[in-house]
Amino acid sequence: MLPVIVLLTDFGHLDPYVGQMKGALLCAAPQARIVDLCHEVRAHDTAQAGFLLQASQRHFPAGSVFVCVVDPGVGSGRAILLARHAGRYFLAPDNGALSFLRDEPATWWRVRTDTSAASRTFHGRDIFAGIAARIARGEDPHSIGTPVDPGETISLPSAWAEAGNGELRCRVMHVDRFGNCLLNLRAGHPLGPGIWVLEDGRPVHPAATYADLMPGQIGLIEGSQGVMELAVNGGSCARLLGLAPGSPLNLTQTDARP
């Protein structure tokens, strides 16, 4: 049985792109098991793609092949990277989506590609699918690419929030369909005493569950994706605060004493 091939793209579901990529995968590896991780990454948002990969990869078995096609440089001279970490493979353009692996004990290759027969605008179908199938069939990565030092690849700025002097300088990494805003603040981050407020003065209430919040209250909750979430009980926090992936979010701690 072939390992799982996990797809993460910004293709959406209005066009035939996801289906065509799956078709190309099945032509190259008819026994492949394909899992759709997400196809609603914001167009060209490599930081969001990297966050979703980082949050999701540990929930898949060893041998899984993650294929990330968020590729604003498609058709250009940008490289394609293959990395192996904890027995899992990660295939993506060299655009920073795999930055989260740079500090991990991962092995990296720069993939050798032949683009002569590929569309200049759809490498997901014409190149990535074939490479993923080769990896899933057990081909040695050294026959697919050339070893590369991760320091020679493109890296995005540090993903994690900055904290200090009673401030949390965060960024929204993802907004789920419920409007919860997943922050670049690690789950379990010590919040300390006091009340946290947004820049407009609205309070943010630390909570264990959504139900612990009163209707309309804004809460800071340890979510299921390894990060803290900003949420509103029964509503969309993203809509209420006008937030989207990439939005900055600053919290200030005030004295809770009367």
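**Exercise 1. Determine which element gives the largest share of the lining of the second largest pocket, and describe that pocket.**

Solution. H2 gives the largest share of this lining, three residues. Helices (H or I, at least four residues) and strands (E, at least two) are DSSP runs, numbered from the N terminus. The model is a predicted one: local features need pLDDT of at least 70, side-chain atom pairs count only at pLDDT 80 or more, and totals for chains, interfaces and linings use all residues. Residues are numbered from 1 along each chain as its sequence is written, and side-chain values use heavy atoms, with hydrogens and water left out.

Step 1, the elements. Strand S2 (33-38), H2 and S9 each give at least two residues to the lining of the second largest pocket.

Step 2, the residues. Its lining has 18 residues, and Cys38, Leu52, His174, Val175 and Asp176 lie nearest the centre. On a 1 Å grid over the protein atoms alone, a pocket is an open set of points with protein on both sides within 12 Å along at least five of seven lines, a cavity is a set where a 1.4 Å probe fits but cannot get out, and lining residues have an atom within 4 Å of a point.

Step 3, volume and class. The second largest pocket holds about 310 Å³, where a volume is the space filled by probe spheres set on the grid points, joined across faces, edges and corners. Its lining divides into eight nonpolar, six polar and four charged residues. Ala, Val, Leu, Ile, Met, Phe, Trp, Tyr, Cys and Pro count as nonpolar, Asp, Glu, Lys and Arg as charged, and the others, Gly among them, as polar.

**Exercise 2. Describe the lining of the largest pocket.**

Solution. Step 1: the largest pocket has about 440 Å³ of space. Step 2: 23 residues line the largest pocket, with Gln54, Ser99, Phe100, Ala159 and Trp160 nearest its centre. Step 3: helix H2 (46-56), strand S9 (167-175) and strand S10 (181-186) are the elements that give two or more residues to this lining. H2 has the largest share, five residues. Step 4: the classes are ten nonpolar, eight polar and five charged.

**Exercise 3. Describe the largest cavity and its lining.**

Solution. Step 1: one cavity of 30 Å³ or more is found in the whole structure. Step 2: the largest cavity contains about 40 Å³ of space. Step 3: among the residues that line the largest cavity are Leu81, Pro93, Ser99, Arg102 and Trp108. Step 4: this lining consists of six nonpolar, four polar and two charged residues.

**Exercise 4. State how many disulfides the structure holds, and check Cys38 and Cys170.**

Solution. Step 1: there are zero disulfides (a disulfide is a pair of cysteine sulfur atoms within 2.5 Å). Step 2: Cys38 is in none, and the nearest cysteine sulfur, in Cys68, is 10 Å away. Cys38 counts as buried because its relative accessibility is 19% (buried is under 20% relative accessible area, exposed over 50%, partly exposed in between; 1.4 Å probe, protein chains only). Step 3: the closest cysteine sulfur to that of Cys170 belongs to Cys181 and is 11 Å away, too far for a bond. Cys170 is buried, at 5% relative accessible area.

**Exercise 5. Place Ser247 in the structure and list its contacts.**

Solution. Step 1: Ser247 sits in the loop between helix H4 (237-241) and strand S15 (248-254). Step 2: Ser247 is buried, with 14% relative accessible area. Step 3: outside its neighbours within four places in sequence, Ser247 is in contact (heavy atoms within 4.5 Å) with Cys170, Arg171 and Val172. Step 4: Ser247 and Cys170 are 77 residues apart in sequence, while their C-alpha atoms are 8.6 Å apart. Step 5: the Ser247 side chain reaches the backbone oxygen of Ala244 at 2.9 Å.

Note on methods: A polar contact is a pair of N or O atoms within 3.5 Å; within protein, one must be able to donate a hydrogen and the other to accept it, and residues adjacent in sequence count only if both atoms are side-chain atoms.
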